[in-house]
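Please describe how the strands are arranged in this structure, how its copies are related, and which charged side chains pair with one another. A report in running text, with a small table of the charged pairs, would be suitable.

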There are 2 protein chains.
Amino acid sequence: MKIVNNIKDLKSCIKLWKDSNCSIGLVPTMGYLHEGHKSLIDRACRENDKVVVSVFVNPTQFGANEDLDKYPRDIKRDSKLCEESGASLIFAPSPDEMYSKNFSTYINVENLTDGLCGSRRPGHFRGVCTVVSKLFNLITPNKAYFGEKDAQQLAVIKHMVEDLNFDVTIVGCPIIREYNGLAKSSRNTYLSKEEKKAALILNCSLGKAKKLLKSGLKDSNDLKSVITNSLRDEPLAKIDYVEIVDSISLKPVKKIENNVLIAIAVFIGKTRLIDNFTWNI
Amino acid sequence: MKIVNNIKDLKSCIKLWKDSNCSIGLVPTMGYLHEGHKSLIDRACRENDKVVVSVFVNPTQFGANEDLDKYPRDIKRDSKLCEESGASLIFAPSPDEMYSKNFSTYINVENLTDGLCGSRRPGHFRGVCTVVSKLFNLITPNKAYFGEKDAQQLAVIKHMVEDLNFDVTIVGCPIIREYNGLAKSSRNTYLSKEEKKAALILNCSLGKAKKLLKSGLKDSNDLKSVITNSLRDEPLAKIDYVEIVDSISLKPVKKIENNVLIAIAVFIGKTRLIDNFTWNI
């Protein structure tokens, strides 16, 4: 497996593969890989001749008061995981390699980014779309893999690909959880032992919601109350949002009559965690 | 030569060419082709195995009070010109084919679009960049050809290609003029006989500026005054802007010490015309 830090070497590699008619899978990540990422890489390896894992903590998707500087990094561990999974190449550029001094081009997906994390993290999806487009143009993948944990990101990227006619298939992969139900996330590393226990409330409250949906509950506000009350039971949890939205448009719904996304963002101490599930009618 | 109106047929064609290792040149146009366009197509035909001319009056680059509806169209004449020039394919989609009902993804090049036409036509370059990106993704050209008459557009597209890592070479081609000096433009068709005569003032005033630069003039304001005064001599002309900017950053300069773009936009009656030249030190 190759580790490449610059665009020139990346492009030579891609050209060789394209000339040999290899299909290419891309797994875009910010590194500090966990079993969630591994599930994406494993699937990419099954479905493509070559697999690129990008490892890049993308500055343009972080807000001024967010955790860009302290975001966890461990390229050695990441390399080991990628190599063991059978990836062909890690692309781990520096910020300067990706963003020249005069960089000024940004991609915005409107509407889909109005709510949920989009409203709490202004500019976040602009940064995500911009860097993902750059990766698409550099790597020309046949398929690109994104986790369903970042449900809004997945919807936004799919929409961007359709709108801008990118020739890539976006594959969403299920959330991977700890044995106790906590959704895997690189940010879990911020949690103290006590906070890690408190963080179980996210999946737990979603579980309660799922039960009620199974029993036929249709009213969004009722469902939101149940989730909200469950989250409030945990003293270390501070709700950022609890939303029930149409799974395609991401617009809030009052009655649950079509497929919906139930998405939550919760601060556990200073760490912001997200979780969700899709309810298919 | 093929004329294709939908994305599916376009993509099949492109795939065939790619599979045979053909190089592809793209000439994006809004149709109503003139000798300026022809010079781009001719050059594209010389430099590529296959040439696509896109003919699309792109709604997203027109402002609410601009000439989208009355923009001249003549696909028959355009086809004849493309065929005679040796183009391989015309891509002439409908607005619905390019923009789905839920379309919401836009590309913005900041800074470079602040001045000149960018400040007079808000959203114009956002529309241009968005549609050009779509064409790049659909057609995957090796080279794309743009006229130097739209100098800001050329600079913006070049910058976008660099920032987003599009794998395409942007080729700028010189302004083509009528025998009397009027820069060729599809919008010249709006001009009455009298206005066409009045429109000569654009190139005429730029000619005066060029003479002064040759004689060693370095002060931007002095040069702007000469152009402005010359334009004011023509009663049918109303100045939109006269600007002297750095040819790379497009930022206004006070002293002419590096390469500069001298760009003007002038209403002749109701028709807005642009013209420019680059002065290389």
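In this predicted model, strand β2 of chain B pairs with strand β6 (residues 143–147) of chain B in the parallel sense, over 2 bridges. Within that pairing, the bridge partner of B:Gly25 in β6(B) is B:Lys143. β2(B) also pairs with strand β3 (residues 50–55) of chain B, again in the parallel sense but over 6 bridges, and here B:Gly25 stands opposite B:Val51 in β3(B). Between these two strands the chain passes from β2(B) through helix α2 (residues 35–47) of chain B to β3(B), a β-α-β crossover that is right-handed.

How many of the 6 residues of strand β2 of chain B are buried? The count is 6 of the 6 residues in the strand, which spans residues 24–29, so β2(B) is largely enclosed by the rest of the structure. In a regular strand the side chains alternate between the two faces of the sheet. In β2(B), B:Ile24, B:Leu26 and B:Pro28 point one way, while B:Gly25, B:Val27 and B:Thr29 point the other way, and all are buried.

The sheet as a whole can be followed in chain A, where 6 strands form an open sheet in the order β1-β4-β3-β2-β6-β7, with parallel pairing. Its edge strands are β1 (2–4) and β7 (169–173) of chain A, each of which pairs on one side only, and the twist from one strand to the next averages 25 degrees. At the β1 edge, 3 bridges join β1(A) to strand β4 (residues 89–91) of chain A, the two strands running parallel, and A:Val4 has A:Phe91 as its bridge partner in β4(A).

Two helices of chain A can be placed against this sheet. Helix α2 (residues 35–47) of chain A lies across β2 (24–29), β3 (50–55), β6 (143–147) and β7 of chain A, and runs at about 160 degrees to β6(A). Helix α7 (residues 151–163) of chain A lies across β6 and β7 of chain A, and runs at about 170 degrees to β7(A).

The relation between the copies comes next. Chain B can be laid on chain A by a turn of 180 degrees and a shift of 0.0 Å along the axis, with an RMSD of 0.0 Å; the two copies are thus related as by a two-fold rotation axis. Which residue of chain B comes closest to the rotation axis? That residue is B:Ile107, whose C-alpha is at 2.3 Å. Of the interface residues of chain B, 100% are also interface residues in chain A, so the copies meet through the same surface.

A search of the whole structure finds 30 salt bridges over all chains. Three of the pairs are set out below, with the distance between nitrogen and oxygen.

| Acidic residue | Basic residue | N to O distance |
|---|---|---|
| A:Glu47 | A:Arg43 | 2.7 Å |
| A:Glu66 | A:Arg121 | 2.7 Å |
| B:Glu66 | B:Arg121 | 2.6 Å |

The pair A:Glu47 and A:Arg43 lies within helix α2 of chain A, where the residues are 4 apart, about one turn of the helix. A:Glu47 counts as partly exposed at 30% relative accessibility, and A:Arg43 likewise counts as partly exposed, at 27%.

The salt bridge between the side chains of A:Glu66 and A:Arg121 has another setting: A:Glu66 lies in the loop between β3 and α3 (75–85) of chain A, and A:Arg121 in the loop between α5 (116–120) and α6 (124–139) of chain A, so the pair ties together parts that are 55 residues apart in sequence. A:Glu66 counts as partly exposed, at 29% relative accessibility, whereas A:Arg121 is buried, with a relative accessible area of 11%.

In chain B, B:Arg121 forms a salt bridge with B:Glu66, and this pair links distant parts of the chain, with B:Arg121 in the loop between α5 and α6 of chain B and B:Glu66 in the loop between β3 and α3 of chain B, 55 residues apart. B:Arg121 is buried, with a relative accessible area of 10%, while B:Glu66 counts as partly exposed at 29% relative accessibility. Salt bridges that share partners also join A:Glu35, A:Glu178 and A:Lys184 into one network.

Technical notes. Residues numbered from 1 in each chain as written. Chains lettered and ligands numbered in written order. Predicted model: local features only at pLDDT ≥ 70, side-chain atom pairs only at ≥ 80, totals over all residues. Heavy atoms only, no water. Pairing = 2+ DSSP bridges. Axes fitted to C-alpha atoms, helices over the stretch in contact; angles between N-to-C directions. Contact = heavy atoms within 4.5 Å. Buried < 20%, exposed > 50% of the residue type's maximum accessible area, 1.4 Å probe, protein only. Right-handed = clockwise from strand over helix to strand, strands pointing away. Least-squares fit on C-alpha atoms with pLDDT ≥ 70 in both. Salt bridge = Lys/Arg side-chain N within 4 Å of Asp/Glu carboxyl O.
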